[in-house]
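Reader: Could we walk through this model together, with a focus on its charged side chains and its surface?
Author: Gladly, here it is.

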Amino acid sequence: MGNLINYEFYKKFHEHLPIVCVDIVLKTTNGEFLMLKRKDHPVKDMWWFVGGRVFKNERLERAVRRKVREETGLEIRNIQKIISGYEIFFHEDPFGHGNGTHAVVSCFKAEIENLKKIRINNYSSEYKLFEFYEGNWHPYLIQCLKNSGIQLK
């Protein structure tokens, strides 16, 4: 699987085409869920799910496992797709090309057990466990959390 592509090429691709992504609602055994505070646009300084782009020839479930491992170092179980084909549009982009970000996302839920092993990568500044979601979060986050059984505070 050819995963890595040239930075400049990906920047051009991102400027002109939608990105196919997966996001994951990571639930603990006691019903909390894990969120990451992102360092870069389009969701800079916001709490967001673990997730990111899908590689060419990579099945969605494999991308889910990869993103969780890359961003948290954790293993997951009981993966279920809860949303498919959700379109997200942001004015911001991570490259500064000024054309925003367009993502087509499938959202999954999965279970995590041992948070003692968590190690977030350099795309996020911190992580936090939440029991409920807040009403002022992005509508996509709220929809995924509702579909995964999480309640509004």
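What follows is a set of questions and answers on salt bridges, burial, a surface patch and cysteines.

Reader: Before we start, what kind of model is this, and how many salt bridges does a search of the whole structure find?
Author: Please keep in mind that this is a predicted model. Side chains of opposite charge can pair when their charged atoms come close. Searching the whole structure for such pairs gives a count of ten.

Reader: Which residue meets Glu-15 in a salt bridge, and in which helix do both lie?
Author: The pair sits in helix H1, which covers residues 7–16. The two residues are three apart there, about one turn of the helix. With 3.5 Å from N to O, the partner of Glu-15 is Lys-12, and the helix holding both is H1.

Reader: Are Glu-15 and Lys-12 buried or partly exposed?
Author: Buried means under 20% relative accessible area, and partly exposed runs from there up to 50%. Glu-15 has 19%, so Glu-15 is buried. Lys-12 has 49%, so the label for Lys-12 is partly exposed.

Reader: How far apart are the closest N and O atoms of Glu-70 and Lys-67?
Author: Both residues belong to helix H2, residues 60–72. Because they are three residues apart in that helix, about one helical turn separates them. They form a salt bridge, and the closest N and O atoms are apart by 3.2 Å.

Reader: Which of Glu-70 and Lys-67 is buried, and which is partly exposed?
Author: The cut-off for buried is under 20% relative accessible area. Glu-70, at 34%, is therefore partly exposed. At 9% relative accessibility, the one that counts as buried is Lys-67.

Reader: With which other residue of helix H2, four residues apart from Lys-67, does Lys-67 form a salt bridge?
Author: Being four residues apart in H2, the two are separated by about one helical turn. Their closest N and O atoms are 3.3 Å apart. Lys-67 is buried, and so is its partner, which is Glu-71.

Reader: Which residues are linked with Lys-67 in a network of salt bridges?
Author: We have already met Lys-67 bridged to Glu-70 and to Glu-71. The network takes in these three residues along with others. Besides Lys-67, its members are Arg-38, Glu-58, Arg-66, Glu-70 and Glu-71.

Reader: Which residues does Lys-67 touch, not counting those up to four places away in sequence?
Author: Lys-67 is placed in helix H2 and is buried at 9% relative accessibility. Leaving out residues up to four places away in sequence, its contacts are Val-22, Ile-24, Val-50, Gly-51, Gly-52 and Arg-53.

Reader: How much accessible area does the nonpolar patch on the surface have together?
Author: The patch is formed by Ile-5, Phe-9, Phe-13 and Leu-17. Of these, Ile-5 is found in the segment before H1 and, at 37% relative accessibility, counts as partly exposed. Together the four residues have an accessible area of about 350 Å².

Reader: How many disulfides does the structure hold?
Author: A disulfide is a covalent bond between the sulfur atoms of two cysteines. Cys-107 is buried, with a relative accessible area of 0%, and Cys-144 also counts as buried at 0%. The number of disulfides in the structure is zero.

Reader: What distance separates the C-alpha atoms of Glu-61 and Ser-148?
Author: Glu-61 is found in helix H2 and counts as partly exposed, at 42% relative accessibility. Glu-61 and Ser-148 are 87 residues apart along the chain. Their C-alpha atoms are separated by 16 Å.

Methods. Residues numbered from 1 in each chain as written. Predicted model: local features only at pLDDT ≥ 70, side-chain atom pairs only at ≥ 80, totals over all residues. Heavy atoms only, no water. Salt bridge = Lys/Arg side-chain N within 4 Å of Asp/Glu carboxyl O. Buried < 20%, exposed > 50% of the residue type's maximum accessible area, 1.4 Å probe, protein only. Patch = residues over 30% accessible without salt bridge, like charges linked within 9 Å, V, L, I, M, F, W, Y side chains within 5 Å. Areas by Shrake-Rupley, 256 points an atom, 1.4 Å probe, with all protein chains shown as cover. Disulfide = S-S within 2.5 Å. Contact = heavy atoms within 4.5 Å.
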